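I opened this entry to record what I looked up in one model, element by element. The sequence and structure come first, then my notes.

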Amino acid sequence: MRDAQAAASMLYVELNSSLSERDIPEITLNQYFYGRFIPALEKEGKTNSTIDGYVKNYRKWISPNHGERVLLNLDENNVRNLIEQSGTPRNTLRTYRAILNRAKSDGFIRHKMDLTGLDARAKKQKRLAPWSPLELKHAADALVDDEMAYLTLLVGSAGLRKEENLAITPADVQILKMPTSQGVKKYVLLNVHAAYTDEDGLKVTKTEESNRHALVLPEFTERFLSALEDTKPSIEQVEGCWLIRHKTSWHKSRKAKYRIETVMGNRKDAQAVASRLAAETAAKYKLGSNPKLKEVADGIWTVTVFNGYVDTMERTIAPEAFIGTEQDATRHALEQWSNRRILPCAGETLRGHWETALRKHGLRFIPVNNLRHTSETLMAASGVSTPTISSMHGHTQFKTDFQHYIDLNVEAILDAADKVDTFMASDMASGGFTLESLIEKKDF
């Protein structure tokens with residue numbers, strides 16, 4: 001329906017574009033937005049992500065109230081009120097202003113609207129505090145069997161935005177081995193140079209500061225390397241070739257779960273319990289079940305009955321046949337693997353599964369992007385300098401004052417790693433330490 005509306009709007013605009021200024025057509029805001037504004041953005045080469053942002057904001061806040069109004073008859077006060085009362089005033093102002101300015105230059109509005117002085121401040125919401133060191137450790141332990149959520153945590157807590165998290169490949173992983181008095185210590189750095197969005201796919205980072213090296217928290221170094229190893233393809237020799245099984249994106253898998261009860265007595269006693277459980281299943285799930293009885297010892301029975309479904313995310317396996325030596329097959333498989341994203345899924349899929357996984361394991365919810373804030377606050381609490389934190393997390397606000405700090409050397413990153421490692425191993429991580437006071441003092 002939206003496609004049809006856009007096509008109709010474009011035709012309407014084209015058919016009326018030759019009219020004189022005094023005969024401005026009575027085109028509605030919807031007709032102009034879909035028929036003129038969006039096509040113009042596409043022609044200018046705006047990214048799909050940028051266009052999608054305009055469309056989402058327009059559909060949610062502008063179109064429901066003003067979409068069918070004639071563009072020429074829009075009232076400035078009504079426009080200002082709509083912007084101020086929307087849930088995202090700043091974004092709505094940006095969208096509405098862009099539409100109206102282009103409409104004025106296209107000749108569909110006689111006078112430019114004055115939208116200065118608007119209260120476009122974002123409505124204050126209670127900020128979700130990042131996880132404390134103890135919460136972070138507990139989450140890593142709880143999510144270890146959930147590959148997607150586990151990898152999200154390990155990569156995201158290195159200080160990456162969600163879009164950067166989704167873009168990291170094995171080729172971006174750098175392992176440093178440094179000799180210490182206790183032996184050799186490993187550090188893992190992530191080369192952050194791209195971002196992934198559902199609309200535009202992989203693209204280079206927006207700013208020079210975003211192009212950086214991020215540090216996997218030392219607490220998670222071995223965990224990350226082990227999880228990364230598990231993403232590698234398997235190789236098996238079959239007739240005449242090598243079968244390579246690549247692990248690609250995830251898919252939802254629904255599996256039946258069962259309830260098992262132990263019964264002491266004879267078969268009749270076990271059958272009575274089985275009937276009761278079957279009746280409970282039928283009432284709860286609106287379907288019948290056939291309980292299984294098994295005598296495991298003299299006078300001891302087990303009753304197994306269907307007890308609903310459990311949804312999990314499983315890897316999709318893409319097979320590939322390779323003809324050649326085992327060494328060549330291994331090299332080919334690793335080359336393919338190294339350039340595939342560690343988290344090969346859509347952003348919306350990741351967001352939804354992350355929320356489900358946290359709820360399932362009873363973990364306090366924070367958005368995926370807040371893992372980045374957790375990394376920042378951990379470094380600040382560990383005594384890492386503000387310019388170092390800024391550079392390692394891709395900030396831009398210190399560019400002028402701390403220009404000489406922007407290109408960090410490896411020593412500065414490893415020093416930050418050691419400070420965080422010491423902090424997370426301290427008594428604070430197991431005590432009542434929280435980061436709320438730090439958050440209040442410092443706005444990251």
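I started with one residue pair: His 251 has Glu 314 in β9 as its bridge partner. β7 and β9 pair in the antiparallel sense, and I noted 20 bridges between them. For pairing I relied on DSSP, which must find at least two bridges between two strands. Helices (H or I, at least four residues) and strands (E, at least two) are DSSP runs, numbered from the N terminus.

Before going on I wrote down the ground rules: this is a predicted model, where local features need pLDDT of at least 70, side-chain atom pairs count only at pLDDT 80 or more, and totals for chains, interfaces and linings use all residues. Residues are numbered from 1 along each chain as its sequence is written, and side-chain values use heavy atoms, with hydrogens and water left out.

**Four-stranded sheet**

I then asked in which order the four strands of this open sheet lie. The order is β6-β7-β9-β8, with antiparallel pairing. At the edges I found β6 (234-238) and β8 (292-297), each paired on one side only. From one strand to the next the twist averages 50°. I took angles between N-to-C directions, from 0 to 180 degrees, with axes as lines fitted to C-alpha atoms, for helices over the stretch in contact.

Next I checked β8 against β9 (residues 300-322): the two pair in the antiparallel sense over five bridges. Leu 293 has Val 303 in β9 as its bridge partner, and Lys 294 stands opposite Thr 302 in β9. β8 and β9 form a hairpin with two residues between them. In that turn, Gly 299 has a positive phi of about 80°.

I also looked for helices on this sheet, counting contact as heavy atoms within 4.5 Å. After the β8 and β9 pairing, I noted helix α10 (residues 267-285), which packs on the sheet and touches β7 (241-264), β8 and β9; its direction makes about 55° with that of β9. Helix α11 (residues 326-338) also packs on the sheet, touching β6, β7 and β9, and its direction makes about 75° with that of β7.

**Three-stranded sheet**

I moved to the open sheet of three strands, whose order is β1-β2-β5 with antiparallel pairing. Its edge strands are β1 (173-180) and β5 (212-215), each pairing on one side only. The twist averages 35° from one strand to the next.

β1 and β2 pair over eight bridges in the antiparallel sense, and a hairpin joins β1 to β2 through two residues. Gln 174 has Leu 189 in β2 as its bridge partner. Four bridges join β2 (residues 183-192) to β5, where Ala 214 stands opposite Leu 190. Helix α9 (residues 221-230) lies across β1 and β2, running at about 60° to β2.

**Helix α3**

Where does helix α3 (residues 48-66) bend? I found the bend at Arg 59, of about 50°, taken as the angle between axes fitted to the seven residues ending there and the seven starting there. The buried residues of α3 (under 20% relative accessible area, 1.4 Å probe, protein chains only) include Ile 51, Tyr 54, Tyr 58 and Ile 62. The buried residues pack against α2 (29-43), α4 (76-85) and α5 (89-106).

**Totals**

I closed with the counts: the protein has 16 helices and nine strands. Buried residues make up 42% of its 444 residues.

How values were computed:
Buried means under 20% relative accessible area, exposed over 50%, partly exposed in between (1.4 Å probe, protein chains only).
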